[in-house]
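Colleague: Could you take me through one part of this model at close range? I would like to hear about the open sheet and the packing around it.

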Amino acid sequence: QVQLVESGGGLVQAGGSLRLSCLASGGTFSYYTMGWFRQAPGKAREFVAGIHWNPDLTKYTDSVKGRFTASRDNAKNTVFLKMNSLNPKDTAVYYCAADRKHWKANRATMSTASSYDFWGQGTQVTVSS
């Protein structure tokens, strides 16, 4: 069983930055494709960013391209989401997720919530105007 614990959320002013971390325990982290999703109040959970087990492959939703960067440190079993130029529309609970099916993970599956096998509890990000 894989456990995921997010950290790094908080309150930040518009234009500011945050870096989220997600520590994974259990399993073989280097084989997992990792995703970041978010859910704003009253809205459905949406894909934000993903990083394949091959870290050269990343994917972002259009609204965060150029502002958010996903990265991973396999030695520390940790995936990161660096968020710059934050705006109030980025306010949400951010979740990390792990897809252990390395044999079929690809760009299409990275943005699909049902592809992921394990989820963290989430960390709140609030951006004030």
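Modeller: Happy to; here is the sheet, followed by one of its residues and then the nonpolar cores. Do keep in mind that this is a predicted model.

The open sheet has 4 strands in the order 1-3-8-7, paired in the antiparallel sense. Strand 1 (3-7) and strand 7 are the edge strands, and each has a single partner, so one side of each has no neighbour in the sheet. On average, neighbouring strands here are turned by 15 degrees against each other, direction ignored. Strand 3 and strand 8 are joined by 6 bridges in antiparallel fashion, and L18 has M83 in strand 8 as its bridge partner.

Strand 8 also holds T78. With a relative accessible area of 9%, T78 counts as buried, because the cut-off for that is under 20%. Its side chain reaches the backbone oxygen of K76 at 2.7 Å. Beyond its neighbours within four places in sequence, T78 contacts S21, C22, L23, F29, S71, R72 and D73.

Now for the packing. The largest nonpolar core has 30 residues, and L4, M34, L81, M83 and Y94 have the most contacts inside it. Among the elements giving two or more residues to this core are strand 3 (18-25), strand 7 (68-73) and strand 8 (78-83). L4 itself touches, among others, C22, L23, A24, M34, C96, F118 and W119, leaving out residues up to four places away in sequence. A second core, separate from this one, has 5 residues, including F37, F47, M110 and Y116.

How values were computed: Residues are numbered from 1 along each chain as its sequence is written. This is a predicted model: local features need pLDDT of at least 70, side-chain atom pairs count only at pLDDT 80 or more; totals for chains, interfaces and linings use all residues. Side-chain values use heavy atoms; hydrogens and water are left out. A nonpolar core is a set of buried Ala, Val, Leu, Ile, Met, Phe, Trp, Tyr and Cys residues joined through side-chain atoms within 4.5 Å. Buried means under 20% relative accessible area, exposed over 50%, partly exposed in between (1.4 Å probe, protein chains only). Contact means heavy atoms within 4.5 Å. Two strands pair if DSSP finds at least two bridges between them. Axes are lines fitted to C-alpha atoms, for helices over the stretch in contact, and angles run from 0 to 180 degrees between N-to-C directions. A polar contact is a pair of N or O atoms within 3.5 Å; within protein, one must be able to donate a hydrogen and the other to accept it, and residues adjacent in sequence count only if both atoms are side-chain atoms.
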